[in-house]
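Reader: Please take one part of this model and go through it closely, then set it against the rest of the chain. I would like to know what it pairs with, what covers it and what lies elsewhere.

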Amino acid sequence: MLSIAVCDDVLLECLDISARIQALMDEMQIPCTVSRFTSGKELLEARDPFDLIFLDILMEGMDGMETARRCREGGYGNRLVFLSASRRYVFDAYDVEAFHYLVKPVEDEKLRRVLERVAEKERESFRDYIVVNWERQRRKVYLDDIRYFEIRGRQVDVHEVSGVFTYYEQMGTLERQLQGKGFFRCHKSYLLNLKHVEAYNGQAAVLDNGERVFIARRRYEAFCQEILAYMRKNGGIL
């Protein structure tokens, strides 16, 4: 599902473009959520990793270009589409790696083409993820980058390919988020990504970086069943 934001300080224009986006996405049968914001400050405070942001350039206070720069600095706002009644800012849009630039009033056909392009690129590059609260912001965590989660009370250590970071979550919530996504709770303290398992025995799983993750004795039989099912599904066994 695509997560879309519309930010325009003119409320009627914000409502209009949001409604048209939702209608076009419904017509194309592409699931989405559309959130509305009437200032750059409000958008930034949401701290959500939107897949697509439609951003008016000429806004009171923080303008669209400054909002876009802060989005990039904060690591959120995957694709930015600028809205403006003027073409004069087209080249400035390159500085913040804008996905597209639409001149107001925006025609439905041009809006549709942008939405179709975004949906196609999302299909091409789809990677499953969860969103966690980390250091006072919302962080998108791609599941295929995670080797395992290590649970220590309310703290969760996320062991990614690139390193480790810690956030707070309940085990039950995390297990529900990961259900059916290739993870197995092999031990009371570990949720293991089966994708990264290279070998295993009755005591531990050996990961693709050489790490060993313990497997509880009472969970070994279920682990064997899960990893064999995973291998069949993903071409590792016929």
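**Strand β1 and its surroundings**

Author: Strand β1 pairs with strand β2 (residues 32-37) in the parallel sense, over six bridges. The model is a predicted one, and what follows should be read in that light. Within this pair, Leu2 has Cys32 of β2 as its bridge partner.

How many of the six residues of β1 are buried? The count is six of the six for β1 (residues 2-7), so the strand is largely enclosed by the rest of the structure. Here a residue is called buried when its relative accessible area is under 20%. In a regular strand, side chains alternate between the two faces of the sheet. For β1, one side carries Leu2, Ile4 and Val6, and the other carries Ser3, Ala5 and Cys7. Residues on both sides are all buried, so both faces of the strand are covered.

Next come helix α1 and the loop that leads to β2. Leu15 belongs to helix α1, which covers residues 11-27. Together with Val10, Leu11 and Leu12, Leu15 makes a nonpolar surface patch of about 370 Å². Leu15 has a relative accessible area of 35%, which makes it partly exposed. The loop between α1 and β2 holds Gln29. Is Gln29 buried or exposed? With a relative accessible area of 72%, Gln29 is exposed. Its backbone is also worth a note: phi of Gln29 is near 60 degrees, a positive value in a residue other than glycine. Most residues other than glycine have a negative phi, and most peptide bonds are trans.

Two further loops hold backbone values of this kind. Arg136 has a phi near 65 degrees, again positive in a residue that is not glycine. Arg136 sits in the loop between β6 (129-134) and β7 (137-142), and at 82% relative accessibility it counts as exposed. The other case concerns a peptide bond: the one from Lys104 to Pro105 is cis, with omega near -10 degrees. Pro105 is in the loop between β5 (100-103) and α5 (108-124).

Further along the chain there is an open sheet of five strands, ordered β10-β9-β8-β12-β11, with antiparallel pairing. β10 (163-168) and β11 (183-187) are at its edges, each with a single partner strand, so one side of each has no neighbour in the sheet. From one strand to the next, the twist averages 20 degrees.

The pairings within this sheet can be followed by residue. β9 and β10 are joined by six bridges in the antiparallel sense, and they form a hairpin with two residues between them. In that pairing, the bridge partner of His159 is Val164 in β10. Towards the other edge, three bridges join β11 to strand β12 (residues 190-193), and these two strands run antiparallel. There, Phe183 has Asn193 of β12 as its bridge partner. Which helix lies across the strands of this sheet? Helix α6 (residues 171-178) lies across β8 (146-152), β9 (155-160), β10, β11 and β12, and runs at about 15 degrees to β12.

Another open sheet has three strands in the order β13-β14-β15, also with antiparallel pairing. Its edges are β13 (197-200) and β15 (212-214); each has a single partner strand, so one side of each is left without a neighbour in the sheet. On average, neighbouring strands of this sheet are turned by 30 degrees against each other, direction ignored. Three bridges hold the antiparallel pair of β13 and strand β14 (residues 204-207), and Val197 stands opposite Leu207 in β14. Helix α7 (residues 220-233) lies across β13 and β14, at about 140 degrees to β13.

As for the protein overall, it has seven helices and 15 strands. Its C-alpha atoms fill a box of roughly 65 × 40 × 30 Å along the principal axes. Of its 238 residues, 44% are buried, a figure to set beside the six of six in β1. Among contacts between residues at least 6 apart in sequence, 51% join residues at least 24 apart. The protein exposes about 13400 Å², and carbon and sulfur atoms supply 47% of that area.

Definitions and conventions:
Residues numbered from 1 in each chain as written. Predicted model: local features only at pLDDT ≥ 70, side-chain atom pairs only at ≥ 80, totals over all residues. Heavy atoms only, no water. Pairing = 2+ DSSP bridges. Helix = DSSP H or I, 4+ residues; strand = E, 2+ residues; numbered from the N terminus. Axes fitted to C-alpha atoms, helices over the stretch in contact; angles between N-to-C directions. Contact = heavy atoms within 4.5 Å. Patch = residues over 30% accessible without salt bridge, like charges linked within 9 Å, V, L, I, M, F, W, Y side chains within 5 Å. Areas by Shrake-Rupley, 256 points an atom, 1.4 Å probe, with all protein chains shown as cover. Salt bridge = Lys/Arg side-chain N within 4 Å of Asp/Glu carboxyl O. Buried < 20%, exposed > 50% of the residue type's maximum accessible area, 1.4 Å probe, protein only.
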